[in-house]
Amino acid sequence: MQGTLLDRRAVVGSLIVSVLAAACGAQTPVSQEPSPTVAAQSASPTATPLAPVRIARSAAHLGDGVAANGDFRGAGKSQIALIQDPNRDQSLRITVRESSGDGETFSDSVWLALGPRSFALTRAKFAVADVNADGKDDLVALYDAGENRSRMLVFRSSGTTFGPPETWWEGDDYTWSRARNLLAGKFSANDRDSLLVTYQYDNSDMRIHAFDSTGTAFIFGGSQGVFDSGAGQFDLALAKFAVGRFTRNSGPQQIALLYQYPNARLRVHLLDPGPTGLAITKNVYETNEGDYDLSRGSFAAADVTGDGRDDLIAIYSDDDGSARVQVFDAASSFKPANGFTGWASLSSGSSCAGATALVLGDWNGDRKIDAAALVPGDGVAFRSSVLRNIGGAFAVTSTTEPTVCPRWPLTGLPLNGASATKRPLYVKVDNNQHARPHYGIAQADQVYEWLVEGLTTRLAAVFQSRDPNVIGSVRSARITDTPIVPSLDAAFVYSGGGPEELMRLHYEAAVARRYVDLSPGYGWGYRVGFRDAPYNYFTSYAALRDALAGAPSGDQPVSIPSWDFLPNANGDAQAGGFGDSGSASAITIPYRAGFTVRYQYDPGSRSYARFQDGVREADGATGEVIAAKNVVVIGTEVHFTTDYGLDPAGSPKLFMQLVGSGQASVFRDGRREDVTWIRPDVFDVFQFRNAAGEAVRLEPGQTWIHIVPSDWSIPSQ
């Protein structure tokens, strides 16, 4: 399987909305002693003797990768598995990190390395389980295989390596985006671990599906599942889960369901295996209104108090990246030990709200469960805070790498508590002189400018991080959009098109498999009186979101690959592959008369002003001027074709080759770097390499992308 992507997603989950008209490197630890209050508590004797330590298991996102913990050697000791794509080319590397015994220093070894196009981490959800009952924990991934098909993949541990992924189950009509959480544990009398998947149905109905292991395959227990909450009960976007034995010290494991209710009220429910499935005990713990924001916490379960029952451990982050390490004591009905102040605190920059990977294990061999909080840095690097359990408190030792908390995949700007799984909108916008100024365009994450018949141009604005009140004017689709929409998993918004083009857009599997026809009569768009038809069809972000809510799986989360951005806007114009760049404060895109585009760099805002036909571009809705952080010009084969009919004037359509590689120019920070663009598949984003083979990275912010014939010269000065 090495060197081969598990499956090219023959189908993207994109909706088409037709609006008719570490690097695990050396890390320098910094010790941090507990506060006097916590230290005093830790000196108090514990009434209950330590029970034999149980291996904790969990898997959590760490930036673009995953951090998991378990006993992968089968020697009764915990290790950390770092699952990463080191080159951003869908290669895969799994590094196992082990404590040297002092609980503070760790060594790394690579247990599996797969080549480019082998495995897409954005399409995988992980868990840790001993699926063949050989005493060694394995890695399991629920993988999006396309065409509404999912796979259960197993990376079996030999004790020193992981084998390449093996397909243990594959199911049609199993929507990966609805399968939110992969949970592993001993939920029955079977010696082998089984898997549970929390699955979101419409109307806030949560079911939990069971997958039992035979030792060589998984048996799916059926879509009815082992638990059905019924409608109106659980929106999985507001839930987090952990597996443990919370009310007993033996027998089947249980599931803690943490749920965010209105007014910042957190409730903990327990799901307990029984003869007919999972039975729920609600409200075993509840906070007061306003006390707890679940989205700020990262959770895992283990017996940190040493009483034989598993507790919930949380890293609860503040805005500055500081955090409190809290223990919800199962023996005290999950009331937090030492209150919400917790067992320890982490300094500023040590955590990311809701995105800190929390892993658990006995790092120093003292038969107490310790923890580690891992926070993403740039690339595969990360910052680590090791939490040694000293009884009633954690002693903290931290490294000092700069953190890069989760960002919007299309802008590289901080999420600030939002969700990067929101489905983007790809909206066709007219660029005729009668359709200017454009409305909503300043709030787009990306804007593509496309050549169309007659060698005029049309725009496609991609919205995810911002929600414009007005978008317009919306115009017809083109066949040139089809290679881009799949990489965004976007809803494609347009107003009509040629019949041959619409046939492909609606039914060809490589573009989409769900189609919603939203004509003006349905209320999703409207005509404005200040422009003549056909340049007067407008819509809004809110209207399109309402449309998506009624579309098949339209409101389900997406996982899209991120463009390669610098970690922050540090002002170094030669960083990120721009070492041999030249000055470029003015850029010309030589479209035909009336469509010529010029960009002028503004050093004060470190952005490019856009001029079209000599007029400065500003948003017609807000007056906000275009201030692009990046301008990307992609050269490729552009040719005329009659395969998709002729336009009303009798002109042939255009087609562009956007898979493979070619020449491009990237402009940022007033400089130009001529590069090679690489894009193996329509589901991939463009990557850029300079002449030395280095990755060329973008400045966080809005990007304008021009697709032009490869023989065009792009003047700059």
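Reader: As what does Asp 378 count at 32% relative accessibility?
Author: This is a predicted model, in which local features need pLDDT of at least 70 and side-chain atom pairs count only at pLDDT 80 or more, while totals for chains, interfaces and linings use all residues. Residues are numbered from 1 along each chain as its sequence is written, and side-chain values use heavy atoms, with hydrogens and water left out. Buried means under 20% relative accessible area and exposed over 50%, with partly exposed in between (1.4 Å probe, protein chains only). With its relative accessibility of 32%, Asp 378 counts as partly exposed.

Reader: Which side chain meets that of Asp 378 in a salt bridge?
Author: A salt bridge is a side-chain nitrogen of Lys or Arg within 4 Å of a carboxyl oxygen of Asp or Glu, and here the N to O distance is 2.8 Å. The pair links distant parts of the chain, 319 residues apart, with Asp 378 in the loop between strand 27 (370–376) and strand 28 (382–389). The partner of Asp 378 is buried, with a relative accessible area of 15%, and this partner is Arg 697.

Reader: How many residues apart in sequence are the parts that Asp 564 and Arg 88 tie together?
Author: Asp 564 forms a salt bridge with Arg 88, the closest N and O atoms being 3.9 Å apart. Helices (H or I, at least four residues) and strands (E, at least two) are DSSP runs, numbered from the N terminus. Because Asp 564 lies in the loop between helix 4 (541–549) and strand 38 (582–583), and Arg 88 in the loop between strand 5 (79–84) and strand 6 (92–99), the parts tied together are apart in sequence by 476 residues.

Reader: Is Asp 564 buried or exposed?
Author: Its salt-bridge partner Arg 88 has a relative accessible area of 28%, which makes Arg 88 partly exposed. For Asp 564 the relative accessible area is 18%, and this residue is therefore buried.

Reader: Which are the edge strands of the open sheet in the order 17-18-19-20?
Author: Two strands pair if DSSP finds at least two bridges between them, and the four strands of this sheet pair in antiparallel fashion. Since an edge strand here pairs on one side only, the edges are strand 17 (239–244) and strand 20 (277–286).

Reader: How many bridges join strand 19 to strand 20?
Author: Strand 19 covers residues 265–274 and runs antiparallel to strand 20. Asp 272 has Ala 279 of strand 20 as its bridge partner. The number of bridges joining strand 19 to strand 20 is seven.
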